[in-house]
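Here are my notes on this model, set out as numbered points. Please read them with the structure open.

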Amino acid sequence: MPAAVLATVLLLMLAACARLQDAPMPPVNTATPIPPLPASPTSTPALSPELTPTTGAKPTTPAPPTATPVAPATATTIPTPTPTPAPSPTAAPQPPKLALTPVISGLQQPLFLTHAGDGSGDVYVVERRGKIKVVKKGTTRTEPFLDISPLLRTTGSEQGLLGLAFHPGFQGNGYLFVNYTDLRGNTVVARYTAPGNRATADPSSARTILTIDQPFPNHNGGMLAFGPDGMLWIGVGDGGSGGDPRGNGQNLGQLLGKLLRIDVDRGDLYTIPPDNPFAGQANVRGEIWAYGLRNPWRFSFDRLTGDLYIGDVGQNAWEEVDFAAAGSKGGLNFGWNRMEGTHCYSPAANCDRTGLVLPIVEYANNGEGCSVTGGYVYRGKAIPSAAGTYFFTDFCSGTLWAASRDDTGTWRRSVAVAGKGAGHSSLGEDAAGELYVTNLNEGTVYRLAAQ
Ligand SMILES: [Ca+2]
Ligand SMILES: [Ca+2]
């Protein structure tokens with residue numbers, strides 16, 4: 001592949017020259033963790049999250065030696081990008097000998113996988129440039145389930161068709177919801193209907209539910225998921241650039257930098273659930289469930305417990321996973337841009353941590369990755385030893401991590417599958433709870449399997 005090699009070399013050279021706040025996804029599949037494709041400094045960032053180049057030039061904020069609820073790297077964490085799956089002597093229950101097995105290939109920039117809850121075994125893969133593909137028994141149907149390519153701006157690497165969620169009552173109503181950046185680069189959440197036998201969605205059935213102005217091409221979030229409460233949850237990034245220059249994360253009057261929760265089964269388009277934490281308050285957006293997020297590219301609910309996990313992409317130094325136990329009433333402030341992970345960001349020291357909910361897991365950008373891809377708690381049947389473990393990855397390093405709480409309640413993280421390079425854009429679940437990883441650069445979907 002001389003062309004790919006050449007492209008990779010060029011990318012590396014460009015990345016070495018460019019000091020980016022937000023870098024985009026590496027477009028080439030390589031075996032080495034390459035830095036994200038350079039783009040203009042504060043614009044186009046990484047699709048999945050938002051990245052900083054993995055080479056050099058990173059403000060390596062030293063970790064303050066404070067006690068925090070973040071899982072310490074004790075015993076189980078391996079701070080190198082290409083570790084071998086080390087056995088963990090003392091850790092919480094941890095799945096041994098896992099592998100990522102390629103099961104679908106030939107896709108165009110896949111960045112999400114989900115199911116329609118219909119027991120068919122089919123999965124749906126989202127391609128960044130606007131198509132949703134159906135995969136039946138490992139075979140991708142040529143005709144897309146839905147194609148909204150003409151509606152999208154995809155020039156920024158974090159732009160495109162970013163999220164998909166089937167309505168819990170999809171069998172009956174044929175509703176599905178998508179999250180994309182429109183021709184102006186603004187966020188749109190829209191409903192489509194798959195009529196009849198639900199084999200394809202009708203492109204003319206679009207109903208715009210919500211639009212959010214995007215000041216910059218990056219940090220659009222993009223995740224959609226129905227919670228165990230039947231509400232539609234929406235992850236929205238801080239709007240972009242770098243450092244959240246407009247302070248959206250902490251501004252409750254803005255939808256940017258938030259996790260939203262809306263009821264799409266009531267009202268003309270949607271209603272604000274009366275039990276949302278800020279419902280009915282003046283000068284505050286009632287859709288907000290949690291705030292202080294930078295780019296919550298992927299989040300999920302544990303299908304057994306209802307616990308919420310959010311992978312929030314960091315600025316230059318720290319990637320994090322946030323957590324809210326089932327039953328939380330919301331209103332949580334996850335800290336951005338006052339803090340990045342468990343470290344002060346603005347101000348850079350002595351920031352006010354009052355009321356902030358710190359991550360359960362964080363890792364530094366210097367070596368382990370540069371852009372967290374939140375995942376899922378495993379509840380499938382194929383790997384009994386993995387039950388209850390939260391799996392997540394990093395777009396840049398490709399390392400798949402397992403996280404869980406030990407007997408003392410401390411979160412611990414360990415390498416489940418060593419990384420082979422950039423491109424892991426998302427995890428996804430099928431109806432049975434088996435887990436998959438989409439690789440944007442390769443056009444491949446992997447399934448988590450016992451080795
Ligand atoms: Ca944006
Ligand atoms: Ca945070």
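**Notes on the model**

1. Start at one hairpin. Strands β26 and β27 form it, with five residues between them. In its turn, G433 has a positive phi of about 90°. Strands here are DSSP runs of E, at least two residues long, and helices are runs of H or I, at least four residues long; both are numbered from the N terminus. Strands count as paired if DSSP finds at least two bridges between them.

2. Basis of the notes. This is a predicted model; local features need pLDDT of at least 70, side-chain atom pairs count only at pLDDT 80 or more, and totals for chains, interfaces and linings use all residues. Residues are numbered from 1 along each chain as its sequence is written, while chains are lettered from A and ligands numbered from 1 in the order in which they are written.

3. Confidence. The mean pLDDT of the protein is 85, and 79% of its residues reach 70 or more. pLDDT is the predictor's confidence in each residue, on a scale from 0 to 100. Over residues 1-90 it stays under 50. The model has 219 contacts beyond four places in sequence for that stretch. A contact means that the C-beta atoms of two residues, placed from the backbone, lie within 7 Å.

4. Overall content. The secondary structure comes to two helices and 28 strands. Of the 451 residues, 53% count as buried. Buried means 20 or more other C-beta atoms within 10 Å of the residue's own; exposed means 12 or fewer; partly exposed is in between, with C-beta atoms placed from the backbone. Among contacts with a separation of 6 or more, 60% come from residues 24 or more positions apart.

5. Back to β27 (residues 435-439). Five of its five residues are buried, so the strand is largely enclosed by the rest of the structure. L435, V437 and N439 point one way, and Y436 and T438 the other. On one side, β27 pairs with β26 (residues 424-429) in the antiparallel sense over five bridges. There S426 stands opposite T438. β27 also pairs with β28 (residues 444-450), antiparallel, over four bridges. V437 has Y446 as its bridge partner in β28. The hairpin of β27 and β28 has four residues between the strands, and G443 takes a positive phi near 75°.

6. The core. What is the size of the largest nonpolar core, and which residues have the most contacts inside it? It has 95 residues, and L176 and F391 have the most contacts. Such a core is a set of buried Ala, Val, Leu, Ile, Met, Phe, Trp, Tyr and Cys residues joined through C-beta atoms within 7 Å. Leaving out residues up to four places away in sequence, F391 touches ten positions by name: G375, Y376, Y378, L400, W401, A402, A416, L427, L435 and L448.

7. The four-stranded sheet. Strands β22-β23-β24-β25, in that order, form an open antiparallel sheet. Its edge strands are β22 (372-377) and β25, each pairing on one side only. The twist averages 30° from one strand to the next; such angles run from 0 to 180 degrees between N-to-C directions, with axes as lines fitted to C-alpha atoms, for helices over the stretch in contact. Inside the sheet, four bridges join β23 (residues 390-394) to β24 (residues 400-405). Y390 has A403 as its bridge partner in β24.

8. W411. This residue is found in β25 (residues 411-417). Is W411 buried, exposed or partly exposed? It is partly exposed, because 19 other C-beta atoms lie within 10 Å. Its C-alpha atom is separated by 7.1 Å from that of V361, 50 residues apart along the chain.

9. Strand β3 (residues 123-127). Five of its five residues are buried. V123, V125 and E127 lie on one side, and Y124 and V126 on the other. V126 stands opposite F112 of β2 and opposite I132 in β4.

10. Backbone points to check. The peptide bond from W336 to N337 is cis, with omega near 5°. Another cis bond joins S346 and P347, with omega about 0°. Q109 and K137 are worth a look too: phi of Q109 is near 50°, and phi of K137 is near 50°. Q109 is buried, because 24 other C-beta atoms lie within 10 Å. K137 counts as exposed, with 7 C-beta neighbours inside 10 Å.
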